[in-house]
Amino acid sequence: GDLLEITVDKDFMPEPGIARKRDYNNLGAGIAIGLPEISGGSGYASTAGVGYKYNASAGKVIFYIITAGHCIITKDPLGYQYKAVVGRDHHDARVSGYDMGLIRITDDNTLKYGRYATNGLYEYAERSDYYDQKIKDWNYMYRNQPVRKSGVKTGVTVGWVDSVDWKWDYTNDGYGWLYGALVRSKDAKSPFSGAGDSGAVVYEYNSSNNDYYAVGLISGATGGEPHCSYVTRMYDVVRYYSDSNYSFNLYTYDTRTKAAN
């Protein structure tokens, strides 16, 4: 509209992908969420997209930011999109073996300019300063599948699925084993993800029809092989948060929907 936003960030030079860190009114995949508990409010994680589900008690559809479970900070119940309060931490699934979580986009307070759910994907949008692709749907992961990741710290990286049935030890943090997939970077040298990419969307690109399919989200880089990353499958996100009455869905519509005032 008629709003002009100017963001000054001290990290501009070392981090060219600075536009991922913005107080976006349109929510999507590959942008920053804030972790105010870390470094006095300067910590960030990434988004895997927007989900939604009908809530019978509320009598309406509720929208959620999808990210990694370990990005849900229990010491601060508020959820941050960049530096603005966008909702409340809703759920951390690590207790059930999956590193995925939801921030409920809330309308219990007035958000400046509102918030909209979109299927936007911030891929190489540093060139345009806005979402440059769209998530068509979610899809299953399969072995040797070529995938990409779009996150706040390392931008877009390319890799392939080494295993769709992988587990990693999280017992030191009190959660036991976590389950998902293992992805290796394409060149087997550079990292597929880094600190700050947690929760970032992992996706499949179909070059024949220029379609993008979300297949998972970043849980973290492996300790022994830094070019490998643990990935939580998008199938598990959809399955886990659905129930016998209402299904949980990834927002994939080309038109945006108002999620909060």
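Me: What does buried mean here, and why is Asp92 called buried?
Reply: Buried means under 20% relative accessible area. The model is a predicted one. Asp92 has a relative accessible area of 14%, which is under 20%, so Asp92 counts as buried.

Me: Why is Arg94 called buried?
Reply: Arg94 has a relative accessible area of 8%. The cut-off is under 20%, so Arg94 is buried.

Me: What makes Asp92 and Arg94 a salt bridge?
Reply: The closest N and O atoms of Asp92 and Arg94 are 2.7 Å apart. A salt bridge needs a side-chain nitrogen of Lys or Arg within 4 Å of a carboxyl oxygen of Asp or Glu, so the pair qualifies. Side chains of opposite charge can pair when their charged atoms come close. A search of the whole structure finds eight salt bridges.

Me: What makes Glu123 and Arg148 a salt bridge, and where do they lie in the chain?
Reply: Their closest N and O atoms are 2.7 Å apart, and the limit is 4 Å, so Glu123 and Arg148 form a salt bridge. This pair links distant parts of the chain, 25 residues apart: Glu123 is in the loop between β7 (115-121) and β8 (133-138), and Arg148 is in strand β9 (residues 146-151). Both Glu123 and Arg148 are buried.

Me: Why is Arg239 called partly exposed and Asp236 buried?
Reply: Partly exposed lies between under 20% and over 50%; Arg239 has 35%, so the term fits. Asp236 has 2% relative accessibility, so Asp236 counts as buried.

Me: How do you know that Arg239 and Asp236 form a salt bridge?
Reply: The closest N and O atoms are 3.1 Å apart, which is within 4 Å, so the pair meets the definition. Both residues lie in helix α1 (residues 234-241), three residues apart, about one turn of the helix. Arg233, Asp236 and Arg239 are linked in a network of salt bridges.

Me: Why is Leu4 called exposed, and which patch does Leu4 help to make?
Reply: Leu4 has a relative accessible area of 70%, which is over 50%, so Leu4 is exposed. Leu4 is found in the segment before β1 (26-35). With Ile6 and Val8, Leu4 makes a nonpolar surface patch of about 410 Å².

Me: Which residues touch the most other members of the largest nonpolar core?
Reply: Phe63, Ile66, Ile105 and Val237 do, in a core of 42 residues. Strand β3 (residues 60-67) gives the most to this core, with five residues. Apart from it lies another core, of 11 residues, including Met141 and Val161.

Definitions and conventions
Residues numbered from 1 in each chain as written. Predicted model: local features only at pLDDT ≥ 70, side-chain atom pairs only at ≥ 80, totals over all residues. Heavy atoms only, no water. Patch = residues over 30% accessible without salt bridge, like charges linked within 9 Å, V, L, I, M, F, W, Y side chains within 5 Å. Areas by Shrake-Rupley, 256 points an atom, 1.4 Å probe, with all protein chains shown as cover. Helix = DSSP H or I, 4+ residues; strand = E, 2+ residues; numbered from the N terminus. Buried < 20%, exposed > 50% of the residue type's maximum accessible area, 1.4 Å probe, protein only. Core = buried A, V, L, I, M, F, W, Y, C linked by side-chain atoms within 4.5 Å.
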